[in-house]
Amino acid sequence: MFNDLLRGLLAPQPARLPEPDARLALAALLVRVARSDGDYAETEIARIDRVLATRHGMTAFEAAALRRDAEEFEKQAPDTVRFTRALKDAVPYEHRVEVLEALWSVVLADGVRDEEEDSLLRLVANLLGVNDVDSNMARKRVEEGKA
């Protein structure tokens, strides 16, 4: 899949990136959030793998492979809208709140919460169509270990 993607990007007139499916979109969004503070920590990578394995019923190996694909896709994608649109179209509202919980779990995995991550999570919540109250409750559930 990524060989085709990279070939397209290296062509004289690069083709537009394909729209990701919901699984790749979630994985890429998790990676983007983890990278947003400039420190892509091992704890965040491990949390991404656990989220993907749990959410998609994958083995640890399959989750890590999806994350690696998402890391490459995330590097190439110019905006966050591409990921959130795929999720918003494929996932009902209550599950989008669960997506925010997963994102918050990655943000908080390294024990540090910074402005870049907060800002990105506010944007993502808005793009996913999740209201501020539900977004804040998702964060609180993660902080309290209830999600």
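I take buried to mean under 20% relative accessible area, and I keep that cut-off at hand for the entries below.

**Entry 1, overview.** I am reading a predicted model, and I began with its secondary structure, which comes to eight helices and zero strands. Of the 147 residues of the protein, 45% count as buried. I then looked up how contacts are spread along the chain, and found that, among those with a separation of 6 or more, 74% are between residues 24 or more positions apart.

**Entry 2, helix H6.** I asked how many residues of H6 are buried. The count is twelve of the 17, so the helix is largely enclosed by the rest of the structure. The buried residues are Arg96, Val97, Val99, Leu100, Glu101, Ala102, Leu103, Trp104, Ser105, Val106, Val107 and Ala109, and I note that Arg96 and Glu101 are on that list together with the nonpolar side chains. The partners against which the buried residues of H6 pack are H2, H3, H5, H7 and H8. I also checked the length of H6, which reaches 24 Å from its first C-alpha to its last, close to the 24 Å expected for its 17 residues. Just after H6 I found Gly111, which takes a positive phi of about 80°.

**Entry 3, H2 against H6.** I looked next at one of these partners, and recorded that the axes of H2 (residues 22-35) and H6 (residues 93-109) come within 9 Å and cross at roughly 35°, with a right-handed crossing. On the H2 side the contact is made by Leu26, Leu29, Leu30, Val33 and Ala34, and on the H6 side by Val99, Ala102, Leu103, Val106 and Val107. When I sorted these residues by class, I had ten nonpolar, no polar and no charged. As background I wrote down that an α-helix has 3.6 residues a turn, so residues three or four places apart point the same way.

**Entry 4, the largest nonpolar core.** Which members of the core touch the most other members? Of its 40 residues, they are Leu30, Leu52, Leu87, Leu100 and Leu103. The elements that give two or more residues to this core are H2, H3 (42-56), H4 (60-76), H5 (81-90), H6, H7 (115-128) and H8 (132-143), and the largest share, ten residues, comes from H2. I followed Leu100 further and, leaving aside its neighbours within four places in sequence, found it in contact with Leu121, Val124, Ala125, Leu128, Val130, Ser135 and Ala138. For H5, I listed Arg82, Phe83, Thr84, Ala86 and Leu87 as buried, and the buried residues of this helix pack against H2, H4, H6 and H7.

**Entry 5, the loop between H2 and H3.** Are Ala41 and Asp37 buried or exposed? Ala41, which lies in the loop between H2 and H3, counts as buried because its relative accessibility is 15%. The C-alpha atom of Ala41 is separated by 6.9 Å from that of Asp110, although the two are 69 residues apart along the chain. Asp37 has its place in the loop between H2 and H3 as well, and at 18% relative accessibility it too counts as buried. Not counting residues up to four places away in sequence, Asp37 touches Glu44, Asp110, Asp114, Glu116 and Glu117. I also noted Asp37 and Glu115, which are 78 residues apart in sequence and 8.1 Å apart in space, C-alpha to C-alpha.

Methods
Residues numbered from 1 in each chain as written. Predicted model: local features only at pLDDT ≥ 70, side-chain atom pairs only at ≥ 80, totals over all residues. Heavy atoms only, no water. Axes fitted to C-alpha atoms, helices over the stretch in contact; angles between N-to-C directions. Helix = DSSP H or I, 4+ residues; strand = E, 2+ residues; numbered from the N terminus. Left-handed = near helix turned anticlockwise from the far one by under 90°. Contact = heavy atoms within 4.5 Å. Core = buried A, V, L, I, M, F, W, Y, C linked by side-chain atoms within 4.5 Å. Buried < 20%, exposed > 50% of the residue type's maximum accessible area, 1.4 Å probe, protein only. Expected span 1.5 Å × (residues − 1).
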